[in-house]
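Visitor: I'm new to reading protein models, and I'd like some help finding my way around one. Could you walk me through it step by step?

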Amino acid sequence: MRDRYGERAGNVLEESRYGQPVTIGDVTVTLRPAGHVLGSAQAVLEHRGERIVVSGDYKRRRDPTCAPFEPVACDVFITEATFALPVFRHPDDAAEMQRLLSVRDTFPDRALLIGAYSLGKAQRIICLLREAGHDRPIYIHGALEAINATYRSFGVDLGELRAVMETPKAQMAGEIVVAPPSTLNDRWSRRLPDPVTCFASGWMGVRARARQRGVEVPLVISDHADWDELNRTLDEVAAPHVWVTHGAEEALIHAAKQRGFNARALSLVGYDEDAE
Amino acid sequence: MKAFAQLLDALSFQHGRNGKIALLRRYIEATPDPDRGWALAALTGDLSLRQAKPALVRGLVMERVDEVLFKLSYDYVGDLAETVALIWPEQPGANRIPSVSELIETVEQAGKTELPGILSAWFDAMTATERWATIKLITGALRIGVSARLAKTALAQHAGIETDAVEEVWHAVEAPYGDLLAWLDGKGPRPDPSHSAAFRPVMLAHPLNEADLEDYDPREFRAEWKWDGIRVQIVGESGKLRLYTRTGDEIGAAFPDLIEGLELDATLDGELLVMRDHVVAPFADLQKRLNRKTVSAKMMTSHPVHVRLYDILIRSGQDLRALPFDQRRRELETWFKAHSPAAMDLSDLVPFATWEDLATHRSTNLTTGVEGLMLKRGDSAYLPGRPKGPWFKWKRDPQLIDAVLMYAQRGHGKRSSFYSDFTFGVWRDGEIVPVGKAYFGFTDEELQQLDKWVRNNSTERFGPVRAVKQELVLEVAFEGLQRSPRHKSGVAMRFPRISRIRWDKPAAEADVIETLEAMLP
């Protein structure tokens, strides 16, 4: 939290491990991995035999940089819904990486600039590139350094990283550069040789979104559950009540109701007079 | 289909010409026959499948997807083909993905009742990108910004030859171009372009540098008016008749009034114009007839086309291109006298003795449709491309206005970090109204300055566009104005470019709309 937010992280921070219950008043809170980024957690709240799980941001596919999501059976499941439309079905990560490497080989004179959020996405991309066989040094924007160091201290192997700032422009031709998304069309990118701009995000599955950002290579790599993952998770946690928040609530509520869940938008819970 | 889908996908996001060429080359070099040939045919427009209507595709998806979810998704995505591609419930392993050639062959042969089942079975096995590419291909709506010329350039680069060499044989070969690709791979003989009414690469001119005129002997040059239409080539050979643009795109189908009934055994070079009672109409009239697949009888009557002939390349099977211009001109005149086809005439030679004479002609001829002069050496052979020296274009001086910068947009590719597309306007009733948009004319250094100015003087942001303080005056050069109901100001410019940045000039002294209106033809 401190590496990402600095002073804004909060005044009093209390460390907590996965699976270690903490009691606050008469509620027991236990954190379980959410598979979103390193350290991300779902909050399991227990009170007089009733259990509510707040998913936070989560995903279900394998991520070499963090612990996988653990489904917890519960009475109420509060789920995120960032990609809750059936048009969001994130493709296989490895296939996206192979596509990226083929772009690298098509443009040997240009740098491949990947825009990726500095917390989590950037490190995951680096690990996925390593798994795909890219063992050359990866060049990074200074803004990633602190979080890379945190990931390394938790045992995530990122391979050889070099700072863009300390590398001559020509040396980065045909190489891969990872930087925060805001740099893609920023003046910062001028220090790279004719960069091919790539953006790693679940939104890149929709062409208009990719075009809006002006990216040449949209990479559909997301740290949020896609449509199938969201629905599979509802089935696995099997909570009779599902509250949906943060995203396209309407579609997920529709799909959940069709399968017999009592589903509603979190923002409406407690405001609906006809409730129960 | 896998590789072709990836190619279409990558091309659709690639703005740069060189980037597109690199992608095409990689595909051509990595893909076997006949798939790469069919892919080329689809890209160049030689193959156009229109077997499926968007409604068919929509019907297929509605059989498998909940209506509410489809509607929410379509509202979000905004494009039917893409929504279907993304939402289709995959069943990996359900079927085999067809190759490009299998797909084309199957779709072309399938009956109306069979096609839906075939498509569904393919879609089950495909990825979203493959479905998207398939839908684009079968509905005949590729639109990914690749011209036929660009595809040919990629082929030429693959073989290490000039694009014109590919052009020369292109119309002698047919999809999937096995013989052409074998030749380009260095594994077969050059296809023979004779007897096929093939396109012959057009000869183009360089702009004249006026300072060089004194080094040239006026007696060695011929002058003609440069007409503001589009360069075309009409080819009649072995009973075939074709009309090409200067880049080799075939456009005959849209001009039956020109070529139907025409008997021709020659290759002619000329300018396509709209003409009424022997008078050339403004370019805007011609534009109404361009970029169409067919044409209505009404349009043919209201916008009659005509070709003003500049040159003759082949006559009765005899290639005249190596002959000097003067001799070809005599051949052209003889041919014209013998045939005098209805919708054609000869481009006049402009007589002159000195360069001063010619300069006077250039500045005093204000006829609509005259863009300037062409200078051609009397001894020049007809060479493909833009050779330096034999031909020059001497355009009229551009028109200039002082306009005020209003909006700036980030460019693409190399310019994606620069505000490089500029919308400018002039005064009308105390406010600035937009009159045009320009993205060239400035040097790299000026672009840096403009970019910096835009960033420091923004007033609002709309995605990649910034509104700026209406303070910076740009001198804009352009080649004529047209009336345009689509523009708020009522006028549209041809080829606007930024000719100077007037850092010194206050915005209040920029031009008014009345000045532009006075320039309308």
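**Reading a two-chain model**

Guide: Happy to, and keep in mind that this is a predicted model. Let's start with domains: in chain A, the C-alpha centres of domain 1 and domain 2 lie 29 Å apart. The domain assignment gives domain 1 of chain A as 2-87 + 225-268, and domain 2 as 93-219.

Visitor: How many residues of domain 1 of chain A are in contact with domain 2 of chain A?

Guide: Twelve residues of domain 1 of chain A are in contact with 15 residues of domain 2 of chain A. Sort the domain 1 side by class and you get five nonpolar, two polar and five charged residues.

Visitor: And what does chain A look like as a whole? How many helices and strands are there in its secondary structure?

Guide: Chain A comes to seven helices and 13 strands. Its radius of gyration is 21 Å, close to the 19 Å that the globule rule gives for 276 residues, so chain A is as compact as a globular protein of that length. If you drew a box around the C-alpha atoms of chain A along the principal axes, the box would be roughly 65 × 40 × 30 Å.

Visitor: What share of the residues in chain A is buried?

Guide: Here 45% of the 276 residues in chain A are buried. To count as buried, a residue needs 20 or more other C-beta atoms within 10 Å of its own.

Visitor: How do I read a strand, then?

Guide: Here's the general idea: in a regular strand the side chains alternate between the two faces of the sheet. Now try strand β9 (residues 176-179) of chain A: A:Ile176 and A:Val178 point one way, A:Val177 and A:Ala179 point the other way, and all are buried.

Visitor: Which strands pair with β9(A)?

Guide: Strand β6 (residues 112-115) of chain A pairs with β9(A) in the parallel sense over four bridges, and strand β7 (residues 138-140) of chain A also pairs with β9(A) in the parallel sense, over two bridges. Look at A:Val177 in β9(A): A:Leu113 stands opposite A:Val177, and A:Val177 is the bridge partner of A:Tyr139 as well.

Visitor: Where do those residues turn up in the nonpolar core?

Guide: The largest nonpolar core has 170 residues, and A:Leu113, A:Ile114, A:Ile125, A:Val177, A:Val178, A:Cys198 and A:Leu252 touch the most other members. Pick A:Ile125: leaving aside neighbours within four places in sequence, A:Ile125 is in contact with A:Ile114, A:Ala116, A:Val178, A:Ala200 and A:Ile221. There's also a second, separate core of 28 residues, which includes B:Val404, B:Ala438, B:Val476 and B:Phe478.

Visitor: That brings us to chain B. How many residues of chain B are in contact with chain A?

Guide: 26 residues of chain B are in contact with 29 residues of chain A. On the chain B side, the elements that give two or more residues are α1 (2-13), α2 (17-30), α5 (67-77) and α6 (80-87). α5(B) gives the most, with six residues. By class, that side of chain B divides into twelve nonpolar, ten polar and four charged residues.

Visitor: And how is chain B built?

Guide: There are 19 helices and 20 strands in chain B. The radius of gyration of chain B is 26 Å, close to the 24 Å that the globule rule gives for 521 residues, so chain B is as compact as a globular protein of that length. Chain B is divided into domain 1 (206-392) and domain 2 (399-517), with 34 Å separating their C-alpha centres.

Visitor: What should I look for in a helix?

Guide: Check which residues are buried and what they pack against. In helix α11 (residues 163-170) of chain B, the buried ones are B:Thr163, B:Val166, B:Glu167, B:Val169 and B:Trp170. The buried residues of α11(B) pack against α10 (148-159) and α12 (178-184) of chain B.

Visitor: Last one: which strands of the four-strand open sheet in chain B stand at the edges?

Guide: Follow the order, which is β1-β11-β10-β2 (chain B), with mixed pairing. β1 (206-207) and β2 (221-227) of chain B stand at the edges with a single partner strand each, so one side of each is left without a neighbour in the sheet. For β1(B), the pairing with strand β11 (residues 391-395) of chain B is parallel, over two bridges, and B:Pro207 has B:Lys393 in β11(B) as its bridge partner.

Methods: Residues are numbered from 1 along each chain as its sequence is written. Chains are lettered from A and ligands numbered from 1 in the order in which they are written. This is a predicted model: local features need pLDDT of at least 70, side-chain atom pairs count only at pLDDT 80 or more; totals for chains, interfaces and linings use all residues. Domain bounds come from an automatic or database domain assignment. Two residues are in contact if their C-beta atoms, placed from the backbone, lie within 7 Å. Ala, Val, Leu, Ile, Met, Phe, Trp, Tyr, Cys and Pro count as nonpolar, Asp, Glu, Lys and Arg as charged, and the others, Gly among them, as polar. A nonpolar core is a set of buried Ala, Val, Leu, Ile, Met, Phe, Trp, Tyr and Cys residues joined through C-beta atoms within 7 Å. A residue is buried if 20 or more other C-beta atoms lie within 10 Å of its own, exposed if 12 or fewer, and partly exposed in between; C-beta atoms are placed from the backbone. The radius of gyration is taken over C-alpha atoms; the globule rule is 2.2 Å times the number of residues to the power 0.38. Two strands pair if DSSP finds at least two bridges between them.
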